[in-house]
Amino acid sequence: MTLKELETQLVSLTPDEKVQAIQILTSSLANNWPEINKTPGVMGGDACIRLTRIPVWLLVSYRRDGANDAKILEGHPDLSAADLVNAFAYADAHPDEIERAIRDQEEA
């Protein structure tokens, strides 16, 4: 399959299918989380998306509450599907950190 053929198929996917395709591609890359930042003094130093104040734990919480990726993106138009893929890959790799952050928020 050529890249042009792949592009044609990718464009025809639904938003949820596009997110899944990005997840597949991301998981095939090196185990890193581009665009995930921890900045002291910003959101308690929690892992956030691209220099935003949107923490990874919040996105994980949305999913746990039943929101799909399309709904999350609708509520955060400043995020991209790739941001969600990175966030959820980071959360999968750092479950203790994310659980602690969620627990800390629930107790606050």
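Here is a short conversation about a predicted model and the packing of two of its helices.

User: Happy to look at this with you! What secondary structure does the protein have, and in which order do the elements run?

Analyst: Glad to help; this is a predicted model, where local features need pLDDT of at least 70, side-chain atom pairs count only at pLDDT 80 or more, and totals for chains, interfaces and linings use all residues. Residues are numbered from 1 along each chain as its sequence is written, and side-chain values use heavy atoms, leaving out hydrogens and water. Taking DSSP runs numbered from the N terminus (helices H or I, at least four residues; strands E, at least two), the protein has six helices and two strands. From the N terminus on, the order is α-α-β-β-α-α-α-α.

User: How are α5 and α6 oriented to each other?

Analyst: The axes, lines fitted to C-alpha atoms over the stretch in contact, have angles from 0 to 180 degrees between N-to-C directions. Those of α5 (residues 81-93) and α6 (residues 95-107) come within 5 Å and cross at roughly 100°. Angles of 65 to 115 degrees count as roughly perpendicular, under 35 as roughly parallel, over 145 as roughly antiparallel and the rest as oblique. The two helices, α5 and α6, are therefore roughly perpendicular.

User: Which residues of α6 make the contact with α5?

Analyst: Contact means heavy atoms within 4.5 Å. On the α5 side, Tyr90, Ala91, Asp92 and Ala93 take part. Their partners on α6 are Pro95, Glu97 and Ile98.

User: What percentage of the residues is buried?

Analyst: Buried means under 20% relative accessible area, with a 1.4 Å probe and protein chains only. In α5, buried residues include Leu84, Phe88 and Tyr90. Across the 108 residues of the protein, the buried share is 31%.

Conventions: Buried means under 20% relative accessible area, exposed over 50%, partly exposed in between (1.4 Å probe, protein chains only).
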